[in-house]
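Let's take a walk through this fold together, starting with the chain as a whole and then zooming in on a few helices.

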Amino acid sequence: MTWLLEPGTAVEKFVVMLVGVALFVVVMGLILFAVDRPKRVPSWVVAAGFVGVPLLFLAYGLVRPGLITLWQSFFNQNGTEYVGFDNYVRAFTEGQFQHVLVVTAAWVILAPLLSAVIGLAYAVLVDRTRFEKLAKALVFVPMAISMVGASIIWKFVYEFRPDQPGIEQIGLLNQVLVWIGLPPQQFLIGQPWNTWFLIVVMIWIQTGFAMTVLSAAIKAIPDDIVEAARLDGLHGMGMFRYITVPSIRPALVVVLTTIAMGTLKAFDIVRTMTGGQFGTQVVANEFYTQAFRQGNQGLAAALAVVLFILVIPIIAYNVRQMRKSEEIR
């Protein structure tokens, strides 16, 4: 019966598919049968039937690896010697890793703030205009592109070729510099500005998300509040400052915290565009480098735990704000 686990021929694979479908039908049939007999089956059994298996899979797929990673962070690079908190001390005291933390902090601060500011300004400007749908669709398009795809696009934008006779620039940004009489620049190499040019890619992607959420929040502002503000003489920036921003504060917080969480896990952009070189390394890419390039499992696990700890307060604050928003509604 080993062919059930490792089917070789097309017939065996087809049979395995049928077995999987049959098991699914049987399990769902049992669950529906339990739901249809509320007097005979306790409610906790029904609840366990629906969420029990998914919770088991989550525990095995998320909790178990998390605990293993935490355990490995207290051992040396080979996992053979217990070193206590040495990996964590190294992660916060060595200059190389301190620079990684500073760069990560720059990502977490700049990307959410600028994405939210640009998204909010755009949402306000195009709100109830003639071409609102088209304008919003154009800004939202980058959200449909993967991080790797966006990184490749912007890598072409930043592409550099030596400024020599007969050599044409293929990077859009450098070609623009040449047109206006300036020399081409190596945008992805020069520190510390290369980190900023990587952050631009994240802002380009996340602005559409910020614009969509904030635009929906703006449209949800009650008309009576707007009318009352206008009767009190508020217009333009006054309306934006005293009515729009306070009214959409919960949505603004959700946007900032959601983008911050995604930025903390930024891996694809750095990996694709610079590989973490030239001072652009972030925590998410550093623990990948330590684990799969340097073979230092202990330090890699410690960096992964640090990243997890950094994400927890943002998630907690996000959930708290969402609950407050629901209570207001």
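What follows goes from the overall layout to individual helices and residues.

Keep in mind that this is a predicted model. Its secondary structure is simple to sum up: the chain has 14 helices and zero strands. Read along the sequence, then, you meet one α after another.

How does the chain's radius of gyration sit against that of a compact globule? A compact globule of 329 residues would come in near 20 Å, but this chain has 26 Å. Along the principal axes, the C-alpha atoms fill a box of roughly 75 × 60 × 50 Å. Buried residues make up 35% of the 329 residues. As for contacts with a separation of 6 or more, 63% of them join residues 24 or more positions apart.

Now the outside. The accessible surface comes to about 20,400 Å², and carbon and sulfur atoms own 69% of that. On the charge side, there are 23 positive and 19 negative charges, and their mean positions are 6 Å apart.

Time to zoom in, with α5 as the opening stop. This helix spans residues 132-140, and E132, A135, K136 and V139 are buried in it. Those four cover an arc of only 95° around the axis, which puts them on the same side of α5. Turn to the other side and you find K133, L134 and L138 exposed. What do the buried residues of α5 pack against? Their partners are α4 (95-126) and α8.

Next up is α6, residues 147-157, where A150, S151, W154 and V157 are buried. Look down the axis of α6 and these buried residues fall within an arc of 110°, so they line one face of the helix. The cover over them includes α7 (172-179), α8 (193-219) and α12 (268-273). So α8 turns up here again, having already appeared as a packing partner of α5.

Let's pick one residue out of α6, namely A150. Why does A150 count as buried? Its relative accessibility is 0%, and the cut-off for buried is under 20%. Leaving out residues up to four places away in sequence, A150 touches I145, V201, W204 and I205. Take I205 from that list: I205 and A150 are 55 residues apart along the chain, yet their C-alpha atoms are separated by 7.8 Å.

Over in helix α8 itself you'll find T195. At 10% relative accessibility, T195 also counts as buried. Which residues does T195 contact once its neighbours within four places in sequence are set aside? They are V103, W107, G279 and T280.

Last stop: V270, which sits in helix α12. V270 is buried, with a relative accessible area of 0%. With neighbours within four places in sequence left aside, its contacts are W107, L198, G275, G276, T280, Q281, V282 and N285. Two of those names should ring a bell, since W107 and T280 are on the contact list of V270 and also on that of T195. For a contrast with the A150 pair, look at V270 and L214: they are 56 residues apart in sequence, and C-alpha to C-alpha they are 28 Å apart in space.

Note on methods:
Residues numbered from 1 in each chain as written. Predicted model: local features only at pLDDT ≥ 70, side-chain atom pairs only at ≥ 80, totals over all residues. Heavy atoms only, no water. Buried < 20%, exposed > 50% of the residue type's maximum accessible area, 1.4 Å probe, protein only. Helix = DSSP H or I, 4+ residues; strand = E, 2+ residues; numbered from the N terminus. Arc of directions from axis to C-beta. Contact = heavy atoms within 4.5 Å. Rg over C-alpha atoms; globule rule 2.2 N^0.38 Å. Areas by Shrake-Rupley, 256 points an atom, 1.4 Å probe, with all protein chains shown as cover. Lys, Arg positive; Asp, Glu negative; His and termini not counted. Charge placed at Lys NZ, Arg CZ, Asp CG, Glu CD.
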